[in-house]
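Here are my notes on this model. Please read them alongside the coordinates.

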Amino acid sequence: MGRKGFALVAALGIAVATLMLALSLAFMAQGALETGRNLRAKAQAKAQAEGGIAHGAAYLKTAQPSAAVELSGPNGLYNVVITPQGSGNYEVVSAATVGGSTHRAKALVQATQEVRSAFREGWFTGGRVTVNGQLDLYGARLHGDGGYNLNANRINICLPNQSGQAQCRPLGQVDEATRKALISGSIFATTCSPANSLICQGTRPISQVCPVWGNPPPANDQRYNTPCWDSLAGRTATVGTATRIPAPNLQSLWQEHLGLTLADDPYTRLRPASCQSVSNLSQLLSLLSGRDASSPRISICLTGNLTLGTPLTLVNVDLYVGGTVNMNSGSSLTLQNARLVSSGNMALGPVNAQQGELISSGTINFNSAGSFTGSKVYGKAGLNFSAEPSFVNTKVFSGASVNFNGNNKPLFEGNTVLAVNGSVTFNGSLKSSQNATPLLVASGDVTFNGSYQNAQSASFIWTLGKVTLNGNTTYRGGIASGGGVDTSSSSDGIVVNGGLPLFTTGLNNDLLPTYTVTRVQVVWRR
């Protein structure tokens, strides 16, 4: 009996000890579970508060308030207070509570305005991009609102390596984020070929962003509120609110720089109601005798044609010729702060224009080399180049299509603009000096059958039509073309048939369209 009693007591002791151990473990587990809940709540509160900081920074990308603003996250996940600090700086304080844990995050965010131009980033078209030849993108972007036909096996993306040297790689050796940033189509693009998973998702581009060309659809169009990524401004937007490259407005260019409409006859429109009238060259030369830069400005009207066999200098003179202007051998024309307007064609020999204007209701024929600096040239019936004049910071206008034939390579430098109410065809080489940034604006197609004479030069093309590059060349600068102006169109907007290394440029032209982007930077956070 003693042994049985002892065994019972021992068993009861073991049971009690086991029970106590179990209870202790349960209490420990309960404490650990509670600690885990607290840690999770703290982590969630911190993550949500940090999300509030990101929300505040995103808000400042679209608005810069002059007084404190309060924001809240979805379902009250966090509360944010944005307080202006002056000079584009904002204090952003975010608080979030999860369970019994509260976390406050604080940051100083700087919002600065940056003026950009898409022309300095790459090539953009409202139509479709077609590339049949070799294309090397040196950090340049290629975008087609209508999509693209790309020979994917002959496209390289060239980016700096660790030593700073450009290294070109096929699409398959470039990460997806870079491919999507540099080769994109709009969310309405319907063309993508070949069926290559690197750039296409079926018949649509993998990188689908907001349309970039022309005017947005009207507000009552169902596409207006379609969300998309504004790839120019780097923000979420809709089709109707996204940043766009406007189509060139030739009417506005004519009005701003010439004081004319496209329909105006320049001679009729510009000739003053009263001026000193002469009927022959002798009378004209008599009025011009002894004039210099200090002479007061005068207006002279010549009836009939003006034929020059000797040099003619116009200083502070507006000369209106009621017929043609013909410069024969041995003649030259100098314009110093002067204007020459004719109702007929101009056949020009050597011209030296400083702040001068040459305007014709007919055609201007450049038969000799000349120099135009800070000047304006307009041929309503067109321009013909049989020589190589140079245009520096000069606005050149043509009321009809322009062809550059043979070996004639006019030189365009600086902020020079060639604005053409029609198409432009370059059959020879385009000549431009290093670091020049001419802008070609056209209402029709632009075709290059030749190449650049100087691969280091840069230019910009802005046209309502299609841009076609048939020759092998190196292009520095940007292109924006209409092609198919409707964003749902698949008409070609840019066609590359030859080999082409494409570079962006940091240079500028004063007539490039620009847009303002808010750049947001978190200076510090805690």
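1. How much area does the protein expose, and what share of it do carbon and sulfur atoms supply? The exposed area is about 23300 Å², and carbon and sulfur supply 50% of it. Areas come from the Shrake-Rupley method with a 1.4 Å probe; for residues, only the protein chains shown count as cover.

2. A caution on provenance. This is a predicted model: local features need pLDDT of at least 70, side-chain atom pairs count only at pLDDT 80 or more, and totals for chains, interfaces and linings use all residues. Residues are numbered from 1 along each chain as its sequence is written, and side-chain values use heavy atoms, leaving out hydrogens and water.

3. Overall make-up. The protein has five helices and 47 strands (DSSP runs, H or I of at least four residues and E of at least two, numbered from the N terminus). Of its 526 residues, 48% are buried (under 20% relative accessible area, 1.4 Å probe, protein chains only).

4. The cores. The largest nonpolar core (buried Ala, Val, Leu, Ile, Met, Phe, Trp, Tyr and Cys joined through side-chain atoms within 4.5 Å) holds 70 residues. Trp123 and Leu319 have the most contacts inside it. Another core lies apart from it, with 32 residues, including Val212 and Tyr515.

5. The sheet. Six strands form an open sheet with parallel pairing, in the order E22-E25-E28-E31-E34-E37 (paired strands share at least two DSSP bridges). Strands E22 (312-315) and E37 (411-413) are the edges, each pairing on one side only.

6. One pair in detail. Strands E25 (333-336) and E28 (351-354) run parallel over four bridges. Thr334 stands opposite Asn352 in E28.

Technical notes:
Buried means under 20% relative accessible area, exposed over 50%, partly exposed in between (1.4 Å probe, protein chains only).
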